[in-house]
Amino acid sequence: MSSHDEFDAFEGAAAASLSSRAMAARPTPYLDELNPAQRAAVEALDGPVLMLAGAGTGKTKALTTRIVHLLMTGRARPNEILAVTFTNKAAREMKERVGRMLGQPAEGMPWMGTFHSICVKLLRRHAELVGLKSNFTILDTDDQIRLLKQLIAANNIDDKRWPTRMIAGIIDSWKNRAWTPEQVPASEAAAYNNRGTEIYDQYQRRLKELNATDFGDLLLHMVTIFQAHEDVLAQYQRWFRYILVDEYQDTNTAQYLWLRLLAAAHKNICCVGDDDQSIYGWRGAEVGNILRFEKDFPGAKVVRLEQNYRSTPHILAAAAGVIRGNQGRLGKELWTEAEEGEKVRLIGHWDGDEEARWVGEEIEAMQRGTRGGPAMSLDEMAILVRASHQMRAFEDRFLTIGLPYRVIGGPRFYERMEIRDAMAYFRVVVSPDDDLAFERIVNTPKRGLGDKAQQKMQVFARANGVSLLDGARLMLQDRALTGKGAAQLSALVDQIDRWHAVARFHGLNQPTVDDDAVVLDELPAPPKNLVTHVELAEQILDESGYTEMWQNDKTPEAPGRLENLKELVSHLEAFDNLQGFLEHVSLVMDNESETEGAKVSIMTLHAAKGLEFPAVFLPGWEDGLFPSQRSMDESGLKGLEEERRLAYVGITRAEELCTISFAGNRRVFGQWQSALPSRFIDELPEDHVDVLTPPGLYGGGFGAAGMQSQIHDRASRADVYNSPGWKRMQERQTNRPMAQPQEVRTQVIDATAISAYTVGERVFHQKFGYGAITGIEGDKLDIAFDKAGQKKVVAKFVMGADDVPF
Ligand code: ATP
Ligand code: MG
C-alpha cells in the first residue's frame, strides 16, 4: 500500500476539532440552488435517507450536492465516501458535477464508480479469502463460455439440451442473487435436475484454479467475504463513512446485500431512485429493493421530490399519461414551472428509411435554426432506440449526409462483432482472395480449425503463393489435415465456391477492360432458380452455421445480435449485389473520420438512463419493436410494464422537444412487414400531442402548395412502387393488406365525392387522427375523433381509415 492509499488511514479525526469547526463554518452557496425538499435530503447528513422521486426532479443533483456538502463541512474526506452509480458515463458525470460545485476537479475520490469497478478494487485486496491471488484475471464472456463448454463436455452433458450459453445464463442469474453453489435453494436446483448446480460448483472451482473470476463473481465474492469475515466488514464499515447510491431501483440482490452489509453499522446511506424507471428486471434488478428501504433502515428519512426541473409541462404530461398504465406503482405526480413549450410531436412514416431520412432533415433544420426557435447544437440532440438494430438506418443516413453522430454505450452498427463477421463472409464470397476476411470466418462458428490448423493453411498458402482459401484447398488435397476439422473445412470451401458462383451471376464489378468479356464468357448459364443477392446472404449466414451459432447462444446479447443480422440482410435490398453493398459500407465508414465537435447522440433507451437532452427523438414506436415482442413473450405483463417504464424513461430524457415516430412498414430479413403503431402511442394524452403530417404521400400540407408537393412526392414515390422490393412486399404481405398508392391518390384529390362516406365509417384525418363519422352535412363531416374529440371537418381532408398507408 502506498502512502497515498485510497484509505490513507484516517480514523478518529471526526472529533470536533477546531479545524473541523472551521470547515463547518465555510460558505455553502451550492445549497442555495436546491429546493427545500432537496435541501433537507442534503442536510440530513447522518442516518439513512431515501429519495424516491420521479424523473428530472433533481435526485442526482441532490446526491452530488450531498457529496459536496459532506466534503465542505469536513464530515468526510474524499476517500471516505462510497458513491455508486450505474454506468461509467454516469460515474464520470457525477465526478464532473462534484468538481464543478467544488470549484476544482474532484480528485481523490477513489470510491466513486460502478458496482463492478469498486468491487474489483476491493476484491484485489482480499482475493486470498476466496482462494484467489490478488492479480486474478477477469474473464470475458467468450472465455467464460469456453470454460463452461469444457466442463459440459467433461460431464457428458448433451449440449443440445443444455446449451452452454443457457447454463451460463442460469449461473449468472444465481450470482445476481448472491447464491454460491451451496446456497442455491433446493427447489431452484431441482428445476435443472441438480445438474446446473453441479456444473456451477465445478465452474467455480475451475475459475479458482485459473486464478480468475467472471463479472458476476466480483460482487458475489465480496458479499461472501463480508458475510464470512466480520473483521474485514467492520474495517470497511469504518472506512466508508458515507454511502450514496444513484439509480437504486436497478440494483440486483447481490448489490443490495453488499450495500446493506456495508451500511449496517453506521447506517449513513443515502439511496435515490424512481420505481417508474426500473428497467433492468431482465438482468436481475429487484425494484423491491427500493420499496423495502424503510424496512431495512427503520427511521429512514424519506424525501419525495415533485418539482421537475428538466422538461416542459407537455413532455411531463405525456410521460405521466403513459406510465399511468402500469399497476402497482407508488404513483407520483410531477409538476414544473417551465414554460409550456411545444407539444410532444408524433409522426407516422411510410417505412424505416423514411423515418431516418426525416429525422436527419429535422436535425439539420434544428441545427440551422430553420425549424423555428433558436439554432441548436448537435450535442443537444439524441436519438433513443429500443433495439440496437434500429441504429443502422440512422447511422447509414447520417453517414450519407455527413451528419456527425456518436453511438453511446456500444459500437457503431457496422463495427459490431456479428456485423463484421457477416460482412467477412460476404467479402470472401465476393472475393475469395480476401485473406483477412477468410481468417475471420474460417473458425467462426467453431469448425475444429484452431490455431494449428490455421497456421498450416498459412504455410500452404505462402509456399504456393496463393490465397489462404486456396492454401486450404491444397492442404486438404495433401491430406495435411485430417479428422473432423478437415471434413468441416472441406465443406466450407465447397460452400464458398457455390456461393461465389451465385454471387457472380448477380454481377460482380468486374474489371471494365477487355478481359471483362472473358470473365463473362466463362460463366455458365444462370441456374433457373437463381436466388437474389438478399436470399444468397441469408443462405450464407444459415448454411455456414453462423445464424445458428447465435440462436444457440443464451446470453442476453444474442437476440440483439440476431436482430442486427436480420437488419443487415434487410438492408441489402437497397443494393444491386453484395459487392455494391460492401463498397457502400467501406465508403460510408471511411467518411467518418473521427471529427471533433458537436455530434448527435444515438443510444438505446437503457443507456440513456439518468441523461438529459434538449431535443429527443424516439423512433420505432411500433408494437413488437416497442413494446418488444420478446420481452412480452418472455415475461408477459411484467415484461410489458418494464417496456412501459422504458417509454417513461425515454420521454423524460427530453427537456424541450420530444418527437415520437413510427413506421408503417419495416423490412425484416428482406421481407416487408407492416407494423401497427405502439400501444404506448394510444396511451399518450392527446392534449399534449401534436400529430404531424408525414412527408411523402400527403406532401407538406393543404392548399395549392400542399397539393403541388403531394403531386411531386407522389411522382418520386412511383419509383418506390415500381421497385422489386415493393412488389415483393405486395406478394408477401401476410398481415394487413396495404393501400395501393393509386387508391390514396383518388382519395386525396377526389375526396370531395362526399357520398363516398357514410355515417359510422372509420376515417382518418391528418391532424386529428382516427375517428368515426357521426354526421354528414354537405361537404362537412361530423367526426368523433378517438383522440381529438368531436369535430366538424371538411370532407376532402379525410380519408377512409383502411386507406391509410401507415
Ligand atoms: P433522473 O430520474 O432522470 O435520473 P434526476 O431526478 O436525477 O433525474 P437530475 O438529473 O438531478 O434529476 O436533475 C434534472 C435537471 O434539473 C438537471 O439539469 C438539474 O441540474 C436540474 N435541477 C435539479 N434540481 C434543481 C433545482 N433545485 N433548481 C434548478 N435546477 C435543478
Ligand atoms: Mg438521476
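This section describes the ligand site, two sets of paired strands and several unusual backbone conformations in a predicted model.

The surroundings of ligand 1 are considered first. Twenty residues make up the shell around ligand 1, and of these K59, T60, K61, E612 and R653 come nearest. By class, the shell comprises three nonpolar, nine polar and eight charged residues. Among secondary-structure elements, helix α3, which spans residues 59–72, gives the most to this shell, with three residues. Residues of the shell are contributed both by domain 1 (3–125 + 239–307) and by domain 3 (344–404 + 595–700), and ligand 1 therefore lies between these two domains.

Polar contacts to ligand 1 involve side-chain as well as backbone atoms. A polar side-chain atom of E612 is found 2.5 Å from an oxygen atom of the ligand. For Q277, the separation between a polar side-chain atom and a ligand oxygen atom is 2.8 Å. The contact of E33 is made through the backbone: one of its N or O atoms lies 3.0 Å from a nitrogen atom of ligand 1. On its own, ligand 1 has 640 Å² of accessible area, of which the protein covers 83%.

Strand pairing is described next. Strands of a sheet pair through backbone hydrogen bonds, in either a parallel or an antiparallel arrangement. An open sheet with parallel pairing contains six strands in the order β3-β2-β6-β7-β1-β8. Its edges are formed by β3 (112–114) and β8 (301–303); each has a single partner strand, so one side of each is left without a neighbour in the sheet. From one strand to the next, the twist averages 15°. At the β8 edge, the partner is strand β1 (residues 49–52), which pairs with β8 in the parallel sense over three bridges. Within this pairing, M51 has V303 of β8 as its bridge partner.

Antiparallel pairing occurs among strands β17, β18 and β19. Strand β17 (residues 762–765) is joined to strand β18 (residues 769–777) by four bridges in the antiparallel sense, and R762 stands opposite A772 in β18. Strand β18 also runs antiparallel to strand β19 (residues 780–785), with six bridges between the two. One of the residue pairs here places G775 opposite its bridge partner D782 in β19. The two strands β18 and β19 form a hairpin with two residues between them, and G778 in the turn adopts a positive phi of about 60°.

Further backbone features are located in loops between helices or between a strand and a helix. Most peptide bonds are trans, and most residues other than glycine have a negative phi. Against this background, the peptide bond from T444 to P445 is cis, with omega near 0°; P445 is placed in the loop between α19 (435–442) and α20 (451–464). A cis peptide bond also joins F626 and P627, where omega is about 5°. The loop that holds P627 connects β13 (613–618) with α28 (629–651).

Positive phi values in residues other than glycine are found at N193 and at R479. For N193, phi is near 55°, and the residue belongs to the loop between α8 (186–190) and α9 (195–209). Phi of R479 is likewise near 55°, and R479 is situated in the loop between α21 (468–477) and α22 (483–505).

Conventions: Residues are numbered from 1 along each chain as its sequence is written. Chains are lettered from A and ligands numbered from 1 in the order in which they are written. This is a predicted model: local features need pLDDT of at least 70, side-chain atom pairs count only at pLDDT 80 or more; totals for chains, interfaces and linings use all residues. Side-chain values use heavy atoms; hydrogens and water are left out. Two strands pair if DSSP finds at least two bridges between them. Axes are lines fitted to C-alpha atoms, for helices over the stretch in contact, and angles run from 0 to 180 degrees between N-to-C directions. A residue is near a molecule or strand if one of its heavy atoms lies within 4 Å of it. A polar contact is a pair of N or O atoms within 3.5 Å; within protein, one must be able to donate a hydrogen and the other to accept it, and residues adjacent in sequence count only if both atoms are side-chain atoms. Accessible areas come from the Shrake-Rupley method with a 1.4 Å probe; for residues, only the protein chains shown count as cover. Ala, Val, Leu, Ile, Met, Phe, Trp, Tyr, Cys and Pro count as nonpolar, Asp, Glu, Lys and Arg as charged, and the others, Gly among them, as polar. Domain bounds come from an automatic or database domain assignment.
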